Amino acid sequence: SRAGVPIINPLEPRFSDNAQFIVFVARSTGTTPQVFIYNLIENSLRQLTNDDSVYSSPDISPDGTRIAVIRNDVNSATPGEDIVLINTSSGGQIPVTNDKGAYIEAMPRWLDEVNLVYSVAPSTDPENFDLFYRPANGGGTPLPFTREPGSELYPVVSRDGQYVAFASNRTGNWDIYIYSIQANTIAQLTQSPEPEYP
């Protein structure tokens with residue numbers, strides 16, 4: 001820990017594009033994982049959330065001002081995964097999705113400064129994740145990158161924002177696929193009996 005903030009079991013670190021910040025989830029004084037940001041330039045650590053929700057899969061925006069993260073109000077009357085944006089300066093939160101348990105959102109990643117790509121599955125079919133993208137402000141209708149009977153998880157956006165790598169079990173094995181945004185095509189990158197993830 002630094003600056004008197006206890007850090008227990010830090011997980012899921014993500015670096016900012018400018019290499020100034022590391023965002024991650026960890027437990028502190030409570031029992032649920034919270035969001036932390038470490039400033040590599042100032043050598044300082046801040047806890048951005050402090051509530052009873054469970055946070056996971058944080059990703060910092062290209063400009064370092066917002067964190068997209070999964071928030072699950074596990075202790076509320078209506079628990080469920082939703083994507084929220086956290087302001088890195090103020091810690092304020094803005095919901096991107098607000099469907100609670102109707103859909104299971106997972107692994108949000110910044111596609112560019114204004115759009116997110118993420119995995120989502122209906123609660124009625126929790127093993128069928130597809131990749132969707134939508135504006136980070138929560139507006140508009142989510143649009144599919146993939147709609148397959150298998151699951152698509154672990155999206156990774158290329159630095160130029162032109163490609164999204166992801167894992168899919170559409171053929172029965174977990175393999176890596178590449179989605180080209182410009183061409184609107186999907187190519188299979190790996191094909192082996194062992195599970196492979198980007």
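Is Y177 buried or exposed? At 4% relative accessibility, Y177 counts as buried, because the cut-off for that class is under 20% relative accessible area. The model is a predicted one, and the paragraphs below go through its sheets, its aromatic pairs and its two largest pockets.

The N-terminal sheet comes first. Four strands form an open sheet in the order 1-2-3-4, and their pairing is antiparallel. Its edges are strand 1 (8-15) and strand 4 (44-47), each of which pairs on one side only. On average, neighbouring strands of this sheet are turned by 25 degrees against each other, direction ignored. Within the sheet, strand 2 (residues 21-27) and strand 3 (residues 34-39) run antiparallel and are joined by six bridges. One residue to look for here is A26, whose bridge partner in strand 3 is Q34.

A second open sheet of four strands has the order 13-14-15-16, again with antiparallel pairing. Strand 13 and strand 16 (185-188) are the edge strands, and each pairs on one side only. From one strand to the next, the twist averages 25 degrees. Strand 14 and strand 15 are paired in the antiparallel sense through six bridges. Y163 can be used to find the register, since this residue stands opposite S180 in strand 15. In general, the strands of a sheet pair through backbone hydrogen bonds, in either a parallel or an antiparallel sense.

Strand 15 also leads to the aromatic residues. The structure holds six aromatic pairs. The rings of F145 and Y179 have centres 4.5 Å apart and planes at 35 degrees, so this pair is tilted. F145 lies in the loop between strand 12 (143-144) and strand 13, while Y179 lies in strand 15 (residues 175-180), so the pair ties together parts that are 34 residues apart in sequence. F145 is buried, with a relative accessible area of 9%. Y179 is buried as well, with a relative accessible area of 6%.

Another pair is formed by F166 and Y177, the residue of the opening question. The rings of F166 and Y177 are stacked, at 5.8 Å centre to centre and with 15 degrees between the planes. F166 belongs to strand 14 (residues 163-168) and Y177 to strand 15, and the two residues are eleven apart. F166 is buried, with a relative accessible area of 0%, and its partner Y177 is also classed as buried, at 4%. Ring pairs also link Y133, F145 and Y179 into a cluster.

Strand 9 (103-110) is the next element to follow. Seven of the eight residues of strand 9 are buried, so the strand is mostly covered. Strand 9 pairs with strand 10 in the antiparallel sense over six bridges. A hairpin of four residues joins the two strands. Across this pairing, E105 stands opposite V120 in strand 10.

The pockets remain. What is the volume of the largest pocket? Its volume is about 350 Å³. The lining of the largest pocket has 17 residues, and those closest to its centre are R14, D17, W110, V157 and S158. Strand 1, strand 5 (54-60), strand 9 and strand 13 each supply at least two residues of this lining. By character, the lining of the largest pocket divides into seven nonpolar, four polar and six charged residues.

The second largest pocket holds about 200 Å³ of space. Of its 14 lining residues, the closest to the centre are Y103, V120, P122, F132 and R147. Strand 9, strand 10 (115-122) and strand 11 (130-135) are the elements that give two or more residues to this lining. Which element gives the largest share of the lining of the second largest pocket? Strand 10 does, with four residues. The lining of the second largest pocket comprises seven nonpolar, two polar and five charged residues.

Some elements recur along this route. Strand 9 pairs with strand 10, supplies residues to the lining of the largest pocket and gives residues to the lining of the second largest pocket. Strand 13 is an edge strand of its sheet and supplies at least two residues of the lining of the largest pocket. Strand 15 pairs with strand 14, and Y177 in strand 15 is linked to F166 in strand 14.

Key. Residues numbered from 1 in each chain as written. Predicted model: local features only at pLDDT ≥ 70, side-chain atom pairs only at ≥ 80, totals over all residues. Heavy atoms only, no water. Pairing = 2+ DSSP bridges. Axes fitted to C-alpha atoms, helices over the stretch in contact; angles between N-to-C directions. 1 Å grid on protein atoms, 1.4 Å probe; cavity = no way out; pocket = protein on both sides within 12 Å on 5 of 7 lines; lining within 4 Å. Points joined across faces, edges and corners; volume = space filled by probe spheres on them. Nonpolar A, V, L, I, M, F, W, Y, C, P; charged D, E, K, R; others polar. Buried < 20%, exposed > 50% of the residue type's maximum accessible area, 1.4 Å probe, protein only. Phe/Tyr/Trp six-rings, centres within 6.5 Å; stacked < 30°, edge-to-face > 60°.
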